[in-house]
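Me: I'm new to this one and would like to get my bearings. Could you walk me through it with a few questions?

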Amino acid sequence: MPRLILPLLLCTSILNAVEVPTALRDQVLPDAAHLLDGQGRDNGVRFVDLNGDGHEDIVLSNTREYGVFLFVPKERAKKNLQWNEGWSQVMREGKSGDANSLPLIVRADGSDTGVSFHDAAMWSSTTKQRIPYTELLKVPGHAPKSPQESLKALHVKPGFEAMLVAAEPLVQDPVFIDWDAKGRMWVVEMGDYPFAPGEKTKDGSVGQDKVSALQAGRVKILEDTNGDGVYDKSTLFLDGLKHPTGLAPWKNGVFIANIPDIFYAEDTDGDGKFDKRETWYTGFTAGNPQHLVNGFCWGLDGWFYGANGDSGGDIICVKTGKKITLGTNDFRFNPRTGEFALEGGRSQYGKWRDDFGNWFGNNNSTIGWHYWLPFRYLERHPEVISKSIRSDMNAEKRIYPASPPVRRFNQGSAINTLTSGCSPMPFRDTTFGTDGEHVMFICEPANNLVHREVLNYDAGTITSHRHPDDTESEFIASEDTWFRPSMARTGPDGALYVVDMYRLVLEHPEWIPAEIARGLDLRAGEDRGRIYRISKTGSIKSVTPPMASSNGWMRDTAQRLLIERNETSAVPELKKLLAAAPPVRIQAAFTLMQLGGMSADEVFALIQPLAPQVRAGALTATESKSDAVFNEAEKALLNQAPHEVPAKVVMPVITNHNPNRQKVVGQYVAEVAKLSGDAKRGAAVFQKACMVCHKVRDLGVEVGPDLTTVATKPREQLIEAIFDPNRAVEQRNAATRVTRQDQTLVVGQLVAETPGNITLRLPGGADIVVLRSDIHELKTLTTSLMPEGLESVLTAQDVADVLAFICSK
């Protein structure tokens, strides 16, 4: 039976006499779950253990709102990302009367309706409803929309229009598109998301066997047979794949990324279905489908570029026999020779370039990175020391969804915040957007939108900022919470094509609390998918010869076809384009170089004056021997001393420590609970003991996590992180130990790898570069850089103060 905290007849004096549950004394109720309404009446909050874990959960229902909130004990909060101790697991919430509302527990006047909880169900004597606890433990979500309904829910900027060009049943679960030279759209479908048959989460708590005929990866070919701009024919080219992530046309087939391989598949008899398959590279690490090898993007140099996906692997190149460790790097490969080479990384989903040969990537919580220091330069100069080969383009994370706020299953506090950024793609056609602007689109599927950035080429590295027309809105945003854009790319016609996987659940169960994951329809939407065309209202694309086109896809395809065929007869016509607009001039020059019509040094000399748009990325791709690839601002970055420790940062001196870490944690938790913290004093404590490795707002050095991002964590978790730092270490925060050839040791956090060296970040923010030729042994440790024994430095009052400082605004 639930514990009814409030008596049926409420007044302040009676309420004060009620025995409040022990958990309630220490925990804050959810915002909606006040025990009393504004007039001091029963608000319809009931406490009942829904999941049988011994902790009382909350069921709320009144004439204004409803909700189901599961209690998360401290032990479980530690295991789940951003779920705090207390009633932080939101199974459902909303306004009374909507599709997922519950029977009223109290009427508008606060009187009880007779709802009871017994026999594992919620019973309403008024409506005669019985809702099993198993149903209350499910996250209902919003209902899916038809393709036309979802199109109407799409908000695009004034002056642009959206057109639905493909939908189910032609496409299902699309995540990636490209076109071949015939104008056919190739679609990668990840129908086995989140689990291929037999897959489970790492801890084995959630998984799926074969549960659907659609539970496989696929590649389809779409055609518009009547020229109306809408695809009306679909051919299944290849089925039975495992988490495919991308493809690229080459000759009569395509390269496909499909764990653990990159393989080439071809249709030799013209029926639209593959009958030839050949593995070119294997050894990419299998794992979570959000973190797999992916690609591909055509480079000016005639190579395909791909993203690491955060998984790495020991790659065997079938054509050449070479074995290359991917590590934390991205990669490129030559489709003519089978060569495989490392590139600066690591990008999570999507590595793309602009018209000037600059490369961009990101991860889920980053708008974009510019890879400003090319691997090819570092291969020639392994002695070069640099803090990083990439730079953050924009630190902003605020976004503006049009859909109703929905809590992420694995990060309940992340609302209106960038959490699933992917496919950072420069738009590559001058006919789209404002003249002279270079824009980039970033998909944000968790928040049902596509974000637009303006690129700035004037600084030492390429930066970006929110488009001025999107000050408090987004370029594309949908009211439909099932809208899951995974790619927004330039099409052959100069429009922007948006790929919508269309799923209820985006997060992978690896990062959803198992209690919630078991109550979700993880495959809802598996039979749906949409592709949209976004264009300027009334725009008409002019017909231009492909290599002279303003459209980047057209030039890429023309270049690829000429290289495939080694069409040297095109050299005279290509040379006529060397005085054209910069994007055309650059691509014509690189094509000439591949066909023997220009030397590397000639191409270098032609494009170097096109700075600041043309930078080291394109200049090194020429393979010229010239080292004059950096502008003055980039040279300044190279010349920075990366190993200087900030003068004000002093490591705390630990004189002794208790080896029983949990005993220390328990002591501090108990003592700090009795104290009040002072944020001003806490700032001084932070500078004394914490800023050597952490940041809070603008203060400190980011070696470990930025403490602003964990400020909402329960006090007990923060205290445990301080005094038992090695209990749970994320891979990215693990220490790396390097033993040099002279047997000296360096221990730090691995922040960058290049062909010639690695970079370790030490406490205090010092970056130490170690040449690979000087490494005797490289080992990743199971511990973090944070030292044990801070009890010899911090008193309980110090801890209370520093926590107050971290949590202050």
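Me: In which strand is N258 placed?
Reply: Happy to help, and note that this is a predicted model. The strand in question covers residues 253-258. N258 therefore has its place in strand β15.

Me: Is N258 buried or exposed?
Reply: The relative accessibility of N258 is 5%. Buried means under 20% relative accessible area. Because 5% falls under that cut-off, N258 counts as buried.

Me: Which residue has its backbone nitrogen 2.8 Å from a polar atom of the N258 side chain?
Reply: Leaving aside neighbours within four places in sequence, N258 is in contact with several residues, including L241, H243, P244, F263 and R277. K242 is on that list too. The backbone nitrogen lying 2.8 Å from a polar atom of the N258 side chain is that of K242.

Me: How far apart in space are P147 and I531, C-alpha to C-alpha?
Reply: P147 sits in helix α5, residues 147-152. Not counting residues up to four places away in sequence, P147 touches L164, A167, E168, R530 and Y532. P147 and I531 are 384 residues apart in sequence. In space, their C-alpha atoms are separated by 9.7 Å.

Me: What share of the residues in the protein chain is buried?
Reply: Let's step back to the whole chain, which has 17 helices and 42 strands. It exposes about 33,500 Å², with carbon and sulfur atoms supplying 51% of that area. Of the 809 residues in the protein chain, the buried share is 56%.

Methods: Residues are numbered from 1 along each chain as its sequence is written. This is a predicted model: local features need pLDDT of at least 70, side-chain atom pairs count only at pLDDT 80 or more; totals for chains, interfaces and linings use all residues. Side-chain values use heavy atoms; hydrogens and water are left out. Helices (H or I, at least four residues) and strands (E, at least two) are DSSP runs, numbered from the N terminus. Buried means under 20% relative accessible area, exposed over 50%, partly exposed in between (1.4 Å probe, protein chains only). A polar contact is a pair of N or O atoms within 3.5 Å; within protein, one must be able to donate a hydrogen and the other to accept it, and residues adjacent in sequence count only if both atoms are side-chain atoms. Contact means heavy atoms within 4.5 Å. Accessible areas come from the Shrake-Rupley method with a 1.4 Å probe; for residues, only the protein chains shown count as cover.
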